[in-house]
Amino acid sequence: MKKICSGLVGLFLAASPAWAVIGGGDIVFKMEGMASVLYSHDYHVNKARLKCSECHPFLYKNRAQHNVVGMASMQKGKSCGSCHNGKKAFDVADKKQCATCHNNKSPEN
């Protein structure tokens, strides 16, 4: 019985770091001259039901290794524009949607 309990405790402890990173947390993109963008992994993974593999490692690598992204590249289907193209999600080119992302909801603002 002790071995089973020890094994289960070990399994939970070993798995807990993996559970902690699912979703990746929020990422703040500071923008010069406009409101920052708060990207919510929680929203995209849990509410929009995206799989990590839909963005990683093709559209985005990780926090330390990432491509610089701008509106022009997004409008060509890169990064956020891969989904936010007016078909799968709202279009990044739609001027009425700017405040959806550029909203200063960052805890740093």
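Here is a short tour of this predicted model, with a suggestion of what to select at each stop.

**Stop 1: the whole chain**

Start with everything shown as a cartoon. You should find four helices and two strands, and following the sequence from its start gives the order α-β-β-α-α-α. Switch to a surface view and the chain exposes about 8,500 Å², with carbon and sulfur atoms supplying 61% of that area. Of the 109 residues in the chain, buried ones make up 18%. If you display contacts between residues at least 6 apart in sequence, 38% of them join residues at least 24 apart.

**Stop 2: colour by confidence**

Now colour by pLDDT. The chain averages 77, and 71% of the residues score at least 70. Which helix has the lowest confidence, and which the highest? Select helix H1 (residues 2-21) for the lowest, at a mean of 46, then H4 for the highest, at 92. Within H1, pick out residues 5-20: the pLDDT there is below 50, and beyond near neighbours in sequence this stretch has one contact in the model. Where pLDDT is low, the predicted coordinates should not be read in detail, so let's move on.

**Stop 3: the salt bridges**

Side chains of opposite charge can pair when their charged atoms come close. The structure holds two such salt bridges.

For one of them, select aspartate 42 and lysine 47, whose side chains meet at 3.9 Å, N to O. Is each partner exposed or partly exposed? Aspartate 42 counts as partly exposed because its relative accessibility is 39%, while lysine 47, at 57%, counts as exposed.

For the other, select lysine 88 and glutamate 54, where the N to O distance is 3.1 Å. This pair links distant parts of the chain, 34 residues apart: lysine 88 sits in the loop between helix H3 (71-75) and H4, and glutamate 54 in the loop between helix H2 (41-47) and H3. Glutamate 54 has a relative accessibility of 34%, so this residue counts as partly exposed.

**Stop 4: histidine 102**

Finish by selecting histidine 102, in the segment after helix H4 (98-101). Which backbone oxygen does the side chain of histidine 102 reach? Show the backbone of alanine 35: its oxygen is the partner, at 3.1 Å. Next, display the residues that histidine 102 touches, leaving out those up to four places away in sequence. You will see Met31, Met34, Ala35, Ser36 and Val37, together with Met71. Alanine 35 thus turns up in that list of contacts as well as supplying the backbone oxygen.

Notes:
Residues are numbered from 1 along each chain as its sequence is written. This is a predicted model: local features need pLDDT of at least 70, side-chain atom pairs count only at pLDDT 80 or more; totals for chains, interfaces and linings use all residues. Side-chain values use heavy atoms; hydrogens and water are left out. A polar contact is a pair of N or O atoms within 3.5 Å; within protein, one must be able to donate a hydrogen and the other to accept it, and residues adjacent in sequence count only if both atoms are side-chain atoms. Contact means heavy atoms within 4.5 Å. A salt bridge is a side-chain nitrogen of Lys or Arg within 4 Å of a carboxyl oxygen of Asp or Glu. Buried means under 20% relative accessible area, exposed over 50%, partly exposed in between (1.4 Å probe, protein chains only). Accessible areas come from the Shrake-Rupley method with a 1.4 Å probe; for residues, only the protein chains shown count as cover. pLDDT is the predictor's confidence in each residue, from 0 to 100.
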